[in-house]
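Biologist: Before we look at the details, could you show me how to read a model of this kind, feature by feature?

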There are 2 protein chains.
Amino acid sequence: MSPESAVENEPDGLPSMRRSNRLRLLQAVRRSGPISRAGLAKATRLSPPTVSSLVEDLLHEVGLMSEVGIGESSGGRPPVLLQFNREFGYLVGVDVGSRTLRVALTDLQGQVLARQQVPTDPAGGEILVDQMCTIAGELFTATGRDRGKLYAVGVGAPGMTDVKSGRVIRAVNLPGWVDLPLRDLLEARLGAPVRVDNDANMAALGERWRGSARQVKDFVFLALGAGVGAGVVVGGQLHRGHHWYAGEISHMNLDVREWRSDFGGRGYLESHVGAVAIAEGERARSIVGPAGAGQERGAAVATIIAAARSGDARALAVLDELAVYLGTAVANLVAVLDPALIVFGGGVSHAGDLLIERVRRVVSRIVPNLPRFEISTLGDDAQLLGAVSSAMDIAESRLATWLGAASFPRRAVGRTGTR
Amino acid sequence: MSPESAVENEPDGLPSMRRSNRLRLLQAVRRSGPISRAGLAKATRLSPPTVSSLVEDLLHEVGLMSEVGIGESSGGRPPVLLQFNREFGYLVGVDVGSRTLRVALTDLQGQVLARQQVPTDPAGGEILVDQMCTIAGELFTATGRDRGKLYAVGVGAPGMTDVKSGRVIRAVNLPGWVDLPLRDLLEARLGAPVRVDNDANMAALGERWRGSARQVKDFVFLALGAGVGAGVVVGGQLHRGHHWYAGEISHMNLDVREWRSDFGGRGYLESHVGAVAIAEGERARSIVGPAGAGQERGAAVATIIAAARSGDARALAVLDELAVYLGTAVANLVAVLDPALIVFGGGVSHAGDLLIERVRRVVSRIVPNLPRFEISTLGDDAQLLGAVSSAMDIAESRLATWLGAASFPRRAVGRTGTR
DNA sequence: CTGACTTCGTTCAATCAATTAACAAAGTGA
DNA sequence: TCACTTTGTTAATTGATTGAACGAAGTCAG
């Protein structure tokens, strides 16, 4: 009964018109929640008998729909409500943070059934792969679901990833991850298609799905954590770039006079906006104490933000300084992309309006086309939910190809000659 | 027999499967040049009788195909070759330069039938609209084509345009164009759908179609003329941005220390890379003579480039300076988008390798993900051909909706009740 | 130059899915 | 209780695609 086997069972022979209409019905059901056959007929502009017949397939032969009960009558025979069978399969989303590993088990609609988080094993490498698989297994057991029905997996990893080959090229703070074929390892162990992407991209997907960026076609998610990264969404689609480097804005140079000093010099965004840079600035030290005392830069940043919130002039000055660099970088990004929205995430984003106002002031002096600015509404869950969202994307296309999105009547392969 | 009337004549009653397959055939014919019915059957995976029947429609009823002759036998009955009827309708592309107005008349495949160029009337405004329409009319007459068969028009205008409403918000060097509803004016006079877009975007489309960017999904066209503009192509599609400001990189700030000085200060790209800025730099003056002597900045730039090509140290120094700013801007753009290719166009691009090498050197010090760099292969024709290309896009979708790309069986509207 | 073989395209009957029309089912409301 | 609505199914019709057979128009070998 696993989806895998169902794929095999489905005869390829069905002419495509029917398959395509089946898919249309399924999508209508997913969009329009519980809905009657009559409602589906209106929504898809198919005739009632056709809908009945296709629903029959979807209900009993395929198993992707279920009858969910009787609806209110509106003056006639009450409708039989149909629903997408969300438990036809399950999704797993994984967020590999440099400190925390989060795993969620959801149904096909992305509804979270269970989740768990543990400290990331700093050794990285295959140990982490073990950790993920174990936790995923535990979540299946805990919720009493069949792990054979795992349908797709999304993984957000810190650092640089090659989405096509599913490799992690290098991971921030996880020395054990260098050119790790994460996707292949996971697919082998979990028996389901896996997509690996970097954390900023995943966070962007999360915000697009259930965060600040719903309905927004063009936006950028700014991950302001240990480093600075961006997830770029253009035309509703994540844009990853030719070398998977899109959004690596930490390399931006904001001082032509310093461009000769190679990566990481004073002219570069990274030197002014990363948590490291913030925590180790002069003013910052005067707030959080001498360098080296605070092992955790994230904590130092949090302290500075707290001070700023309570009106500490030195802390506000740190934000001012930060905003000049960040704002200029954002302005340059806006000059290139003209997005409708920029979402701030990561530790620095907890400064909230203190940050947004300062950045907006800078940006508005540089470019005329101001985007909307918002703080991530998902916070630390953005990456995890983004991973789930990307698993949903895989599931979507798997369902589509399976049910026959494939255009049109395909003749039986290997057509025999005339003789 | 104009396409317009044909659209009306086509009964909407054809069930969609047939319409959709007709479209598939048409596209296969356009892709695969002259091809037999048997070839089409293989290419589209439709059965021979179906192909015959649909081709019959397309040939005689619709008129979008024509038989073009008999092909070589490959050991059996020789094939009857079919072709897309490129003269089913015509396209017009217009490039409104600040100095030259170019107009081309092409067939539906974008093959240029005739073209003409005249000096742009600096008065701008509706006078220019007249000019365009007149020239277009002349081209129809000169080639003996029926102007009633005009199928789509693309117009590239300098400056800022709102593609959705078809308005020119403001045009560089054309004071008469301020918030001009160019699309509506032209559609009223020409009787065909019109798309208006800015010159950098059109040039990008041109390079995508028949220039350096063929087959490239993610690239940026840099228009280095009087100002600096970019046409941004992401995922094969032009990206225009939320306020139609995408690619307005002249606003980029490359010197945080100068960000307070508002638009146009020393920190901004525009102040260093535009033809004005180049021609009026100190070193530049020492080559081309005192300021004000050369009315034409474009000519001054050309002089400098010529000098550089012949090894003039001062001219090369101008390029060096330019490359630092341009390279930094490009690097920032690359940090955001990671394109596969950057195409240089406009007057400054005539510096060729002298420019590319210098820019590449700067970019390679700032970001690790170097794109390919190329000089526009279309030169001054990029915008014009881009305008044609965008007209083709319109034509494509017009044909598609007309032939019924619209997904699936649509019930007769206003379905009468059960009674 | 004839006959076997290919390839191209069409004719014809069969198939399959969607539609219309009619009807059964299951309610509301006067 | 009866007229009316809305939902869903059954039955007959329509329309498009297909497979098989066949005619058309060539090549190629002996």
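**Reading the DNA contacts and the pairing of chains**

Modeller: This is a predicted model, and a good place to begin is a single polar contact: a phosphate oxygen of DNA strand C is 2.9 Å from a polar backbone atom of B:Ala38.

Biologist: Which part of A:Arg18 has an N or O atom 3.0 Å from a phosphate oxygen of DNA strand C?

Modeller: The side chain of A:Arg18 supplies that atom, whereas at A:Gly75 a polar backbone atom is 3.1 Å from a base nitrogen of the strand.

Biologist: Of the atoms of DNA strand C within 4 Å of the protein, what percentage belong to sugar or phosphate?

Modeller: Sugar or phosphate accounts for 71% of those atoms, and bases for the rest.

Biologist: Which residues come nearest to DNA strand C, and which helices supply the surface near it?

Modeller: Of the 28 residues around the strand, those that come nearest are A:Ser47, B:Ser52, B:Gly76, B:Arg77 and B:Val80. At least two residues of the surface near DNA strand C come from each of α2 (16-31) and α4 (48-62) in chain A, and from each of α3 (37-44) and α4 (48-62) in chain B. Sorted by class, that surface has 11 nonpolar, 12 polar and 5 charged residues.

Biologist: What rotation superposes chain A on chain B?

Modeller: A rotation of 180°, with 0.1 Å of shift along its axis, superposes them with an RMSD of 0.1 Å; the two copies are thus related as by a two-fold rotation axis. Because 100% of the interface residues of chain A are also interface residues in chain B, the copies meet through the same surface.

Terms used:
Residues are numbered from 1 along each chain as its sequence is written. Chains are lettered from A and ligands numbered from 1 in the order in which they are written. This is a predicted model: local features need pLDDT of at least 70, side-chain atom pairs count only at pLDDT 80 or more; totals for chains, interfaces and linings use all residues. Side-chain values use heavy atoms; hydrogens and water are left out. A residue is near a molecule or strand if one of its heavy atoms lies within 4 Å of it. A polar contact is a pair of N or O atoms within 3.5 Å; within protein, one must be able to donate a hydrogen and the other to accept it, and residues adjacent in sequence count only if both atoms are side-chain atoms. Helices (H or I, at least four residues) and strands (E, at least two) are DSSP runs, numbered from the N terminus. Ala, Val, Leu, Ile, Met, Phe, Trp, Tyr, Cys and Pro count as nonpolar, Asp, Glu, Lys and Arg as charged, and the others, Gly among them, as polar. Copies are superposed by least squares on the C-alpha atoms of residues with pLDDT of at least 70 in both. Contact means heavy atoms within 4.5 Å.
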